[in-house]
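The exercises below are meant to be worked with the sequence and the coordinates side by side. Please try each task before reading its solution.

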Amino acid sequence: MPQTTCRVSLLASTPDPTSLIYAAFRQCYHAGFVGDMWPRLLAGEVAHDKQRAFIAKVMESGHTSPIEHVSFTFAAEGVSRALTHQLVRHRIASYSQQSQRYVDGSDCDYILPPAIARIPEAKARFEAFMAEVGSAYRDLKAILEANGRGDKAKEDARFVLPQAAESKIVFTMNCRSLINFFEHRCCTRAQWEIRSMANGMLGICREVLPVIFDVAGARCERLGYCPEGEKFTCGKYPLP
């Protein structure tokens, strides 16, 4: 069972996202039909600078629901089941995760926490355990197969796999959900693994749609103060 690390890639995002958000915002305040405006937006007749300025102004007012029309689809590998259990708690999203019922886990990769990796004795104990997990999985799978479980042996043998087991997942979130995700998972209080993935995702989103994501990130960065309270603040920003 070899060690691995996270890699996240953007598979797809809504085409012409700035124009689409602009059109959605305009429909809220425009007496006409934005369906008639849309061909002009695609043709570049309304400058992107003007669109971005309008979007930013409305966003400052707290009106953010129109950004839900734009979504991003990511693929992540080299992430632990511990991470994906946190990820799927963000409910306004769609997920397609690698199945441990159907994918053989005999030699699955694993994620090694940095705090364990820094301590030789902890790392040695962790790696010894992961080797035993792989051995137990293979033994159980073979025994189950020999006793008639066939392909279903994997779905029972997987019960010995730990949260460190590597997983792969595809997920889609709209812009509003992503902002909420970044507010919680880019925070220094977030678990180290999902925070690293969130920061990588944020960098991608900023490249694709800066008007929305240049100001995204941990809540303290947008607010200018820490909303976590005295007990949980990391001290980077003052309390309100």
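**Exercise 1.** Locate Ser80 in this predicted model, decide whether Ser80 is buried or exposed, and find which side chain Ser80 joins in a polar contact.

*Solution.* Begin with the secondary structure, where Ser80 is placed in strand E2. Next, take the relative accessibility, which is 3% for Ser80; because buried means under 20%, Ser80 counts as buried. Then list what surrounds the residue: leaving aside neighbours within four places in sequence, Ser80 is in contact with Ile111, Gln163, Ala164, Ala165 and Glu193. Finally, look at the side chains, since Glu193 also shares with Ser80 a polar contact of 2.6 Å between their side chains.

**Exercise 2.** Work out the order of the strands in the sheet, and explain why one side of E1 and of E3 is left without a neighbour.

*Solution.* Tracing the pairings gives an open sheet of four strands in the order E1-E2-E4-E3, with antiparallel pairing. Strand E1 (7-13) and strand E3 (94-97) stand at the edges with a single partner strand each, so one side of each has no neighbour in the sheet. From one strand to the next, the twist averages 20°.

The individual pairs can then be examined. Strand E2 (residues 71-80) and strand E4 (residues 166-174) run antiparallel and are joined by eight bridges, and within this part of the sheet Phe74 stands opposite Phe171 in E4. Strands E3 and E4 also pair in the antiparallel sense, over four bridges, and here Tyr95 stands opposite Phe171 in E4. Phe171 therefore faces Phe74 and Tyr95 across strand pairings, which rest in general on backbone hydrogen bonds between strands.

**Exercise 3.** Determine which strands helix H8 lies across, and which strands helix H9 lies across.

*Solution.* Take helix H8 (residues 175-185) to begin with: it lies across E2 and E4, and runs at about 125° to E4. Helix H9 (residues 192-208) lies across E1, E2 and E4, running at about 150° to E2.

**Exercise 4.** Place Tyr237 in the chain, and decide what its relative accessibility makes of it.

*Solution.* Tyr237 is found in the segment after helix H11 (219-223). Its relative accessibility is 24%, and because partly exposed covers the range between 20% and 50%, Tyr237 counts as partly exposed. Apart from neighbours within four places in sequence, its contacts are Cys220, Glu221, Gly224, Tyr225 and Cys226. As a check on distances, Tyr237 and His90 lie 147 residues apart in sequence, and their C-alpha atoms are 26 Å apart in space.

**Exercise 5.** Consider the protein as a whole, and explain why it counts as more spread out than a compact globule.

*Solution.* Start with the inventory, which comprises eleven helices and four strands. The radius of gyration is 23 Å, whereas the globule rule gives 18 Å for 240 residues; the value is well over the rule, so the protein is more spread out than a compact globule. The C-alpha trace spans about 70 × 45 × 25 Å along its principal axes. Of the 240 residues, 38% count as buried, and the accessible surface comes to about 13,100 Å², with 52% of it belonging to carbon and sulfur atoms. Lastly, among contacts with a separation of 6 or more, residues 24 or more positions apart account for 73%.

How values were computed
Residues numbered from 1 in each chain as written. Predicted model: local features only at pLDDT ≥ 70, side-chain atom pairs only at ≥ 80, totals over all residues. Heavy atoms only, no water. Pairing = 2+ DSSP bridges. Helix = DSSP H or I, 4+ residues; strand = E, 2+ residues; numbered from the N terminus. Axes fitted to C-alpha atoms, helices over the stretch in contact; angles between N-to-C directions. Contact = heavy atoms within 4.5 Å. Rg over C-alpha atoms; globule rule 2.2 N^0.38 Å. Buried < 20%, exposed > 50% of the residue type's maximum accessible area, 1.4 Å probe, protein only. Areas by Shrake-Rupley, 256 points an atom, 1.4 Å probe, with all protein chains shown as cover. Polar contact = N/O pair within 3.5 Å; in protein donor to acceptor, adjacent residues only side chain to side chain.
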